[in-house]
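Colleague: I would like a close look at a single part of this model, followed by whatever in the rest of the chain helps to place that part in context. Please take your time over the answer.

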Amino acid sequence: MSTPSVRSEDPDAAKFFYIPVYSTCNLTTPRPQVLRTGADPHRWQRRVVADALEWLDSHDSYSHYLWGRGGLDHILTATHDFGRCFTHRDVGKGVTTSDGLGRFLGILRSMVYLQYNGDTHAGASCYEAGRDVVLPPVSKFEYELPEEMMESMQPVGSALKSPWRAMFRGTTEFKWFGRQDPGYSRGVRQALRRLYGEGETKNEGVVVTVAGEKVGAGEYLREMAEASFCVCPRGYAGWTQRFADSVKAGCLPVGEGFFVDD
């Protein structure tokens, strides 16, 4: 983006305007308050976006660029579960209007989003095919682990050892405002726990490990590297970070419900 052939210092010559706001970082900051009160963690994310738009609108030298084409020439990054919706789930209404976003609803609906979610199934409203850009999720191992450890990883498929191992480590239930949410993962993660319990079991010659407790990145990578198959069930969204992590660890990802536009 910094190369002269792509970036212009003259706004009148620009075809698109990128808003450098990383709203997703604000999902982890209020975590203690979220756990204590059951608040929607995405409200902080929405507020960051609203504050950025309000700041742009308050500057006369830029405001007319923001409103000029109704947002069609503006690009925003929204790398979390439901991209342009700025919420934890798709409720079929597209961009939410809460936490200060309402005044900019027309602009937000027209913007181009860089996001992980590319859900195209019937009723999905958080991805606009032909407008939004689906980004491949970056494996967290890329920046959390030493380079020499990453270089020791084997290509995907090379971990087909005997006995075959399948593993899943992650949340198998989700509480929303203090109550169990049966819609989480469309019941897939809950079924994993119900079928295989917590820990290691053997089924049809395959060693299956289901674990909910969090571990460090190094231990998580080791588990994936030792497994033949890494189960990557959806959470709320169809895409999952585990898919990228599994590939990086040399483990065959097994998932369902990946609705991504070609």
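Which residues of helix H3 (residues 60–68) are buried?

Modeller: A word of caution comes before the details, since this is a predicted model, and everything below is to be read as computed from that prediction. In helix H3, which runs over residues 60–68, the buried residues are Tyr 62, Ser 63, Tyr 65 and Leu 66. These four lie on the same side of H3, because the arc they cover around the axis is only 165 degrees. The general background is that an α-helix has 3.6 residues a turn, so residues three or four places apart point the same way. On the other side of H3, by contrast, Asp 60 and Gly 68 are exposed, where exposed stands for over 50% relative accessible area and buried for under 20%.

The partners of the buried side can be named as well: the buried residues of H3 pack against strand E1, helix H2 (42–57), strand E2 (74–77) and helix H4 (105–110). Just after the helix, Gly 70 takes a positive phi of about 65 degrees.

Two of those partners, E1 and E2, lead to further places in the model. Val 21 sits in the loop between E1 and helix H1 (31–37), and with a relative accessible area of 13% this valine is buried, because the limit for that class is 20%. Leaving aside residues up to four places away in sequence, Val 21 touches Val 48, Ala 52, Leu 76 and Thr 77. Of these, Leu 76 is 55 residues from Val 21 in sequence, yet the C-alpha atoms of the two are 7.2 Å apart in space.

E1 (residues 17–19) also has a part in the second largest pocket, where it supplies three residues, the largest share of the lining. The space in this pocket comes to about 570 Å³. Its lining is made up of 18 residues, and the closest to the centre are Arg 7, Ser 8, Phe 16, Phe 17 and Tyr 18. By class, the lining residues divide into 13 nonpolar, one polar and four charged.

From E2 the chain goes on to H4, and the loop between them holds two residues with backbone angles worth inspecting. One is Phe 86, found in that loop, which has a positive phi of about 55 degrees although it is not a glycine; Phe 86 is also buried, with a relative accessible area of 1%. Asp 99 lies in the loop between E2 and H4 as well, and its phi, near 60 degrees, is again a positive value in a residue other than glycine.

Strand E3 (residues 112–115) contains Gln 115, whose relative accessibility of 0% makes it count as buried. The side chain of Gln 115 reaches the backbone oxygen of Asn 117 at 2.7 Å. Its contacts beyond four places in sequence include Ala 78, Gly 83 and Arg 84, and also Cys 126, Tyr 127 and Asp 132.

A buried threonine offers another example of a polar side chain with a named partner. Thr 172 is in the loop between strand E5 (165–169) and strand E6 (175–176), and at 7% relative accessibility it counts as buried. A polar contact of 3.2 Å joins its side chain to that of Arg 193, and Thr 172 also touches Arg 189, Gln 190 and Val 210.

For a second helix to set beside H3, there is H8 (residues 217–226), in which Ala 217, Tyr 220, Leu 221, Glu 223 and Met 224 are buried. Seen down the axis, the buried residues of H8 fall within an arc of 160 degrees, so they line one face of the helix.

As for the whole, the protein has nine helices and eleven strands, and 44% of its 262 residues count as buried. Among the contacts with a separation of 6 or more, 64% are between residues 24 or more positions apart.

How values were computed. Residues are numbered from 1 along each chain as its sequence is written. This is a predicted model: local features need pLDDT of at least 70, side-chain atom pairs count only at pLDDT 80 or more; totals for chains, interfaces and linings use all residues. Side-chain values use heavy atoms; hydrogens and water are left out. On a 1 Å grid over the protein atoms alone, a cavity is a set of points where a 1.4 Å probe fits but cannot get out, and a pocket is an open set with protein on both sides within 12 Å along at least five of seven lines; lining residues have an atom within 4 Å of a point. Grid points are joined across faces, edges and corners, and a volume is the space filled by probe spheres set on the points. Ala, Val, Leu, Ile, Met, Phe, Trp, Tyr, Cys and Pro count as nonpolar, Asp, Glu, Lys and Arg as charged, and the others, Gly among them, as polar. Buried means under 20% relative accessible area, exposed over 50%, partly exposed in between (1.4 Å probe, protein chains only). A polar contact is a pair of N or O atoms within 3.5 Å; within protein, one must be able to donate a hydrogen and the other to accept it, and residues adjacent in sequence count only if both atoms are side-chain atoms. Contact means heavy atoms within 4.5 Å. The arc is that of the directions from the helix axis to the C-beta atoms.
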